[in-house]
Amino acid sequence: MEKPANNTAQHGKPIHERDVFHLWMLVDRHYAGRWEMPIVKASHAEPTGLVPFTLAMRRDCMAFDCYVHFHEDDYRFERLWRDPQRYVRRLKQFKGVIMPEYSTCIDFPKPLKMWNSYRNHLLAAWFQEQGIDVIPCARYQPGCPWLLGGIPRRSTIAICGRGLMKDPAERRRFLRDVRATVDRLEPTFIVYYGSLPQTAMAYPISLGIPVRAYPPCSRGVLDWRNGYGQW
């Protein structure tokens, strides 16, 4: 469900049609570290249901007790970046959102990873300013310190392992990155989206960190309300 966009930024000035970089979202923005990633505030939510963005935007979706997630192919929610104001009213109807996750795949060149990471952080921080509860999404990668720049410590975080547990090499890298993410952020609760949760989340579970896991689903199917379970 899409509402007509409001062409006025929150500081009261009109948004210029040439502002494809969304500089209007940077007013009074705070940044973290040398990479200047927008700072995302902590959340302590423990969601009991997830719904994908593409389904949440349908008029017949009434799963308002769920958190909206973006663990989908990027093209399905590129429209969110093009016109974020258009979707705020609809997103506010849900319990909250998982931080947007434009891809930062390991084989992407670093400038592309940095740009997508910046978009993820900026949208999350801006949504929080609009009164939407946002669960930070986090996954460390060696040589990419900006990925965790601006992500809070001692917070609920989301980790996506969709498609990363099948190939043995991919799985080893993912488990390494999960360990590094947990060690750096010390999360208080983890929302895991992906397969093989007891393997993928073995390290945080061993530390006593609560994990609630949800299986990946095909487009148009509501994610399980209670997931695989909780550890």
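Let me begin with proline 47, which is buried in this predicted model, its relative accessible area being 3%, and since the cut-off for buried is under 20%, that value falls within the class. Proline 47 sits in the loop that runs between strand 2 (37-38) and strand 3 (50-52). If you look for its partner far along the chain, you will find arginine 212, which is 165 residues away in sequence, yet the C-alpha atoms of the two are separated by 8.4 Å.

Now to the surface, and to leucine 112, which belongs to helix 4, spanning residues 110-129. Is leucine 112 buried, exposed or partly exposed? Its relative accessibility is 35%, and because partly exposed covers the range between 20% and 50%, leucine 112 is placed in that class. Leucine 112 also contributes to a nonpolar surface patch of about 480 Å², which it forms together with Val20, Phe21, Leu23 and Trp115.

Helix 4 brings me to the last topic, the largest pocket, since helix 4 gives the most to the lining of that pocket, namely three residues. The space in the largest pocket comes to about 570 Å³, and 26 residues line it, with Glu101, Ser103, Thr104, Cys105 and Arg139 lying nearest its centre. What is the make-up of that lining, in terms of nonpolar, polar and charged residues? The lining of the largest pocket divides into 11 nonpolar residues, seven polar ones and eight charged ones.

How values were computed
Residues are numbered from 1 along each chain as its sequence is written. This is a predicted model: local features need pLDDT of at least 70, side-chain atom pairs count only at pLDDT 80 or more; totals for chains, interfaces and linings use all residues. Side-chain values use heavy atoms; hydrogens and water are left out. Patches are made of residues with over 30% relative accessible area and no salt bridge: like charges are joined within 9 Å, nonpolar side chains (Val, Leu, Ile, Met, Phe, Trp, Tyr) within 5 Å. Accessible areas come from the Shrake-Rupley method with a 1.4 Å probe; for residues, only the protein chains shown count as cover. A salt bridge is a side-chain nitrogen of Lys or Arg within 4 Å of a carboxyl oxygen of Asp or Glu. Helices (H or I, at least four residues) and strands (E, at least two) are DSSP runs, numbered from the N terminus. Buried means under 20% relative accessible area, exposed over 50%, partly exposed in between (1.4 Å probe, protein chains only). On a 1 Å grid over the protein atoms alone, a cavity is a set of points where a 1.4 Å probe fits but cannot get out, and a pocket is an open set with protein on both sides within 12 Å along at least five of seven lines; lining residues have an atom within 4 Å of a point. Grid points are joined across faces, edges and corners, and a volume is the space filled by probe spheres set on the points. Ala, Val, Leu, Ile, Met, Phe, Trp, Tyr, Cys and Pro count as nonpolar, Asp, Glu, Lys and Arg as charged, and the others, Gly among them, as polar.
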